[in-house]
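Please open the model in your viewer and keep a selection panel at hand. The tour begins with the whole chain and then moves to individual places within the fold.

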Amino acid sequence: MSDDLVFYTHPMSRGRIVRWMLEEVGAPYRTEILGYGASMKAPAYRAINPMGKVPALRHGGTVVTECPAILAYLADAFPQAALAPAPDHRDRGPYYRWLFFCAGPLEAAVTNGVLKVAVPDDPRMQGMVGYGSLEAALDTLEGAVSGVAFVAGDRFSAADLYVASHLGWGMQFGTIPKRPAFEAYAGRHLAREAAVRARAIDDGLLVEAGQAS
C-alpha cells in the first residue's frame, strides 16, 4: 500500500463512491477506516476534515474532501486512467454538468424528499431551493441517461461513476424511483469490474466489523 495516497472512509458511507473511483484509477492507496462518533470527531482527523465526516483523501500534501471534488481531483491527478475528458475537449462541459448536477440539485432534492421538506408550489420558492422540485430533478436526470451509454461523450468517466452511484444507492433504499432508464444506466456501470471489486472490499469490511462486535 502507498502512504502517498491515503483514503479516509467508513464502509457504509459515501466513501463507497470514492472506493470505486480509486479502484478505477488503479494507483496504490492506503485506507484508514474511521468509526462514526469518536474517531471521526477526534482532533487528529479534524485536522484532515474539520467537518469530522468521511470520505476524505490525502495525496501527498494535498487534502480533498467531498465526493465529487475527490472524483474530479483523482481523474485529473491520474490522467492515464482516462476518467475525464481533456480540459479543452467539448465533452468537458457535460462531464462537469452531470457530476455537479448530482452533487447539487439531485442530492438536495432527494434529501429534502426523505426529510419530507415540502417546497411550496410557488415559482419564487422553487427558484430559491435551486432544484425546483424532486420530480423536475429526476425528470432532468432521466433525460440525460435515457438511450445513452455515457453522460459525457463516448466513454466512461468519473461523471458516470457518480451518477450511477447516486442512482444505485437511491433505488436500493427507495429514495429514487426505479425508472427503467435509471435501472438500465446504473446497472450497466455498477457491473464494471472496478465497481464490483470496490463493493466486495467495503462489504468485507462491514462483515469484519460485525464479527468484531
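**The whole chain**

For a compact globule of 213 residues a radius of gyration near 17 Å would be expected, and the protein chain, at 18 Å, agrees with that value. Bear in mind while looking that this is a predicted model. With the C-alpha trace displayed and aligned on its principal axes, the protein chain spans about 50 × 40 × 30 Å.

Colour next by secondary structure, which brings out ten helices and four strands; followed along the sequence, they come in the pattern β-α-β-α-α-β-β-α-α-α-α-α-α-α. If you draw the contacts between residues with a separation of 6 or more, 62% of them join residues 24 or more positions apart.

Switch to a surface representation, where the accessible area of the protein chain comes to about 10,600 Å², with 58% of it belonging to carbon and sulfur atoms. Of the 213 residues, 43% count as buried. Colouring by charge shows 20 positive and 22 negative side chains, and the centres of these two sets lie 3 Å apart.

**Helix α4**

Select residues 67-77, which form helix α4, and show the side chains of its buried residues, namely C67, P68, I70, L71, A72, L74 and A75. Which elements do the buried residues of α4 pack against? Adding the partners one by one, you will find the strands β1 (5-9), β3 (56-59) and β4 (62-65), together with the helices α1 (15-25), α5 (92-114) and α8 (158-173).

**H189 in helix α9**

Move on to residues 180-190, helix α9, and pick out H189 within it. Is H189 buried or exposed? Its relative accessibility is 2%, and because the limit for a buried residue is under 20%, H189 counts as buried. Display the polar contact from the side chain of H189 to the backbone oxygen of A149, which is reached at 2.9 Å. Then expand the selection to the residues that H189 touches, leaving aside those up to four places away in sequence: these are W20, A149, F150, F156, D160, A164 and A195.

**G143 in helix α7**

For the last stop, select residues 134-145, helix α7, where G143 is found. With a relative accessible area of 55%, G143 is exposed. Finally, draw a C-alpha to C-alpha distance from G143 to T62: the two are 36 Å apart in space and 81 residues apart in sequence.

How values were computed:
Residues numbered from 1 in each chain as written. Predicted model: local features only at pLDDT ≥ 70, side-chain atom pairs only at ≥ 80, totals over all residues. Heavy atoms only, no water. Helix = DSSP H or I, 4+ residues; strand = E, 2+ residues; numbered from the N terminus. Rg over C-alpha atoms; globule rule 2.2 N^0.38 Å. Buried < 20%, exposed > 50% of the residue type's maximum accessible area, 1.4 Å probe, protein only. Contact = heavy atoms within 4.5 Å. Areas by Shrake-Rupley, 256 points an atom, 1.4 Å probe, with all protein chains shown as cover. Lys, Arg positive; Asp, Glu negative; His and termini not counted. Charge placed at Lys NZ, Arg CZ, Asp CG, Glu CD. Polar contact = N/O pair within 3.5 Å; in protein donor to acceptor, adjacent residues only side chain to side chain.
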